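Welcome! Let us take a friendly walk through this structure, one region at a time.

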Amino acid sequence: MVVTQENVAVNGSRRLSPQEIADILRERIRVGDLKAGDRLPTQAELAEEFGVERGTVRQALRALQGDGFLTNVSKGSPPRIAAPAPASGAPQPTMVSLAPRLTEAFAAPHVRVDVVCHTSETLMLALGEALRQIHEGSIHPKSIDVRILLPSRDIHLAFPVLVDGRGEDDPVHKRWLEMRNAQAQVLRHNLQAVRSTHGIDVRVAFRALPFTPPVKLYLLNGDEALIGYYVLTERQEEYESQTLDMYDALGSRSLLFSFVRQAGQRDDAFVEESQKWFDALWETITTDLTLS
């Protein structure tokens, strides 16, 4: 949603300071008049609204950016209200926390998403809001680069596996492979659809891991890393007229822990090392992946 200009009480002819303007905007964010993803007016509009020079507005915006309230701050492009950072010590399940982080990442001009996962089911669902906003016209990235590492079809997965052990005809592996391929194809189709409808340069690539990843990792624009553990449990699933009793993990329920570069040296180092780990896998031991 584009934020419209509104009246602000200015104390007579006195000019507001950058801090006062930042405080007013911060209060609008606090009470919900400005929500995550909203675009601010241009600097010229804000300068007119507050009766100050553009330089004063720029100082106020820099203060808000430093506090983590704004994203997509660049020359010639009004910034957006940033999504609240995950509360320290209170990570949320992937299905809850991933979508807003992806939506914020997709507000950048050039989107880059790198993922390590068991299947792309959660990613496929979580991308729905970002793609909806692209189709709505609220956000319009110039390019989208998505790279996904999935387990190879040729390995013996550590999970999911039958509780009674693997047989010659492994229905659990067959079921997982069908899910892996179907979800990845839908994900690729949904992303590539915005290339033809909105002229966005979209690249989606998959590669195959020679091992079962014990964690899921999402790297957003090189600025944020989200990591969650695959927690195994015994559960049953109906498949081809039989009941599969297996050890499996429900990735959508994994708690995601967020590390953001701007949060400090510890987070910055985690994001950087996670990106190095992903790039090394992508460029070395992974192989071509066929979705069939």
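Alanine 63 makes a good starting point: with a relative accessible area of 29%, alanine 63 is partly exposed, because that value lies between the 20% limit for buried and the 50% limit for exposed. Please keep in mind that the model is predicted. Alanine 63 sits in helix H3, which covers residues 54–66. Its C-alpha lies 9.9 Å from that of isoleucine 21, although the two are 42 residues apart in sequence.

**The nonpolar cores**

In soluble globular proteins, nonpolar side chains tend to be buried together. Here, the largest nonpolar core holds 40 residues, and the ones with the most contacts inside it are Leu102, Phe106, Ile144, Ile148, Leu191 and Phe206. Several helices and strands each supply at least two residues of this core, including those in the table.

| Element | Residues |
|---|---|
| Helix H4 | 94–105 |
| Strand E4 | 110–116 |
| Helix H5 | 121–126 |
| Helix H6 | 128–136 |
| Strand E5 | 143–151 |
| Strand E7 | 201–209 |
| Strand E8 | 215–220 |

Helix H7 is another of these contributors. Apart from this core lies another one, of 17 residues, with Leu16, Ile21, Val57 and Leu61 among them.

What does isoleucine 148 touch? Leaving aside residues up to four places away in sequence, isoleucine 148 is in contact with Val115, Cys117, Leu123, Leu187, Ala205, Phe206, Arg207 and Trp282.

**A look at helix H6**

The buried residues of H6 are Ala130, Leu131, Gln133 and Ile134. They are on the same side of H6, because the arc they cover around the axis is only 160 degrees. H4, E5 and H7 are included in what covers these buried residues. After H6 comes glycine 137, with a positive phi near 95 degrees.

**An open sheet and its helix**

Elsewhere, three strands build an open sheet in the order E6-E11-E10, with antiparallel pairing. Strand E6 (161–162) and strand E10 (232–239) stand at the edges with a single partner strand each, so one side of each has no neighbour in the sheet. Helix H7, residues 171–198, packs on the sheet and touches E6, E10 and E11. The direction of H7 makes about 70 degrees with that of E11.

How many bridges join E10 and E11? E10 pairs with strand E11 (residues 242–249) over eight bridges, in the antiparallel sense. For glutamine 236, the bridge partner in E11 is aspartate 245.

Notes: Residues are numbered from 1 along each chain as its sequence is written. This is a predicted model: local features need pLDDT of at least 70, side-chain atom pairs count only at pLDDT 80 or more; totals for chains, interfaces and linings use all residues. Side-chain values use heavy atoms; hydrogens and water are left out. Two strands pair if DSSP finds at least two bridges between them. Helices (H or I, at least four residues) and strands (E, at least two) are DSSP runs, numbered from the N terminus. Contact means heavy atoms within 4.5 Å. Axes are lines fitted to C-alpha atoms, for helices over the stretch in contact, and angles run from 0 to 180 degrees between N-to-C directions. A nonpolar core is a set of buried Ala, Val, Leu, Ile, Met, Phe, Trp, Tyr and Cys residues joined through side-chain atoms within 4.5 Å. Buried means under 20% relative accessible area, exposed over 50%, partly exposed in between (1.4 Å probe, protein chains only). The arc is that of the directions from the helix axis to the C-beta atoms.
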